[in-house]
Every structure is written in C-alpha cells, then in structure tokens.
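User: I have a structure to go through and would like to ask some questions about its side chains. Please keep the reasoning short.

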Amino acid sequence: MQQALGSLHDRLAPAEEIFFTWLMRVFAAGTLVGSAWIDDAPPLELAAAIITVYVAVRVVMQLGRLADAAPFENRPLRVIFAAGALGLLVLSFMVVVTLVDRLSIMVAG
C-alpha cells in the first residue's frame, strides 16, 4: 500500500509543480485584473483585457505539459486530467477577480 501511494505521489509531483506554479501566476493576474476593473478608466480596462488574454493563452499552452505529467498511462485520461487542471485554473482566476471586485464594492459602497 505504501509503495503504491509513493508511486502515485512520484508520478503526480511534476503535474503538481506545473499546476501550483501557474496557480500563483493566475492569482496575481486575477488580482491585477480585478483591481483594474475597480476604476472605470478605459486604459485600465484595456490593460486588464490584455493581461487576461495573455494569461489565458499561457495557461492553455500548458495543456500539453500537464497531459505529459499526468499520472495515468491512458491518453484520454491524461487529456481529461489536463483539462480538469486548466478548468481549476480558470475557476481560480474568476474567484480572485470576483473577490477583488466584491471587496471594492463593499469598501466603496
């Protein structure tokens, strides 16, 4: 049992490294975008859109790396694992943006 768990952990470690590296970047980008949306200045909204597109493209480019690092042998399971990780990153971005937006409404309103 210990050997199976150790093997799973060893196979999952590269995917965890990729995911958590990008999670911190997504949190930072979400904070910047949410902060830019607080003020209704068009240049800040443009900057927020550029940051969002850049982070989205970079995260989608990680699909292959996540699929290669998945702890499964079956190719469809690897793709599902990578898509799930990307989905979690997208949801994390939306949570941070929503949190910053709600905090600004609470403070300003």
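User: Is Phe 20 buried, partly exposed or exposed?

Analyst: The model is a predicted one. Phe 20 has a relative accessibility of 46%. Buried requires under 20% and exposed requires over 50%, so Phe 20 counts as partly exposed.

User: Which residue forms an aromatic pair with Phe 20, and is that pair stacked or edge-to-face?

Analyst: The structure holds 2 aromatic pairs. In one of them, the partner of Phe 20 is Phe 19, with 5.2 Å centre to centre. Phe 19 is buried, at 14% relative accessible area. Planes over 60 degrees apart count as edge-to-face; with 85° between the planes, the pair of Phe 20 and Phe 19 is edge-to-face.

User: What is the angle between the ring planes of Phe 72 and Phe 81?

Analyst: The ring centres of Phe 72 and Phe 81 are 6.0 Å apart, and the pair is edge-to-face. Phe 72 is partly exposed at 32%, and Phe 81 is partly exposed at 23%. The angle between the planes of Phe 72 and Phe 81 is 75°.

User: Which helix gives the most residues to the largest nonpolar core?

Analyst: The largest nonpolar core has 21 residues, and Phe 93 and Val 26 are among those with the most contacts inside it. At least two residues of this core come from each of α1 (2–38), α2 (42–60), α3 (63–69) and α4 (75–108). With 9 residues, the helix that gives the most is α1.

User: Which residue lies over the face of Trp 22?

Analyst: The distance to the ring centre of Trp 22 is 4.6 Å. The residue over that face is Arg 25.

Note on methods:
Residues numbered from 1 in each chain as written. Predicted model: local features only at pLDDT ≥ 70, side-chain atom pairs only at ≥ 80, totals over all residues. Heavy atoms only, no water. Core = buried A, V, L, I, M, F, W, Y, C linked by side-chain atoms within 4.5 Å. Buried < 20%, exposed > 50% of the residue type's maximum accessible area, 1.4 Å probe, protein only. Helix = DSSP H or I, 4+ residues; strand = E, 2+ residues; numbered from the N terminus. Phe/Tyr/Trp six-rings, centres within 6.5 Å; stacked < 30°, edge-to-face > 60°. Lys NZ or Arg CZ within 6 Å of the ring centre and 35° of its normal.
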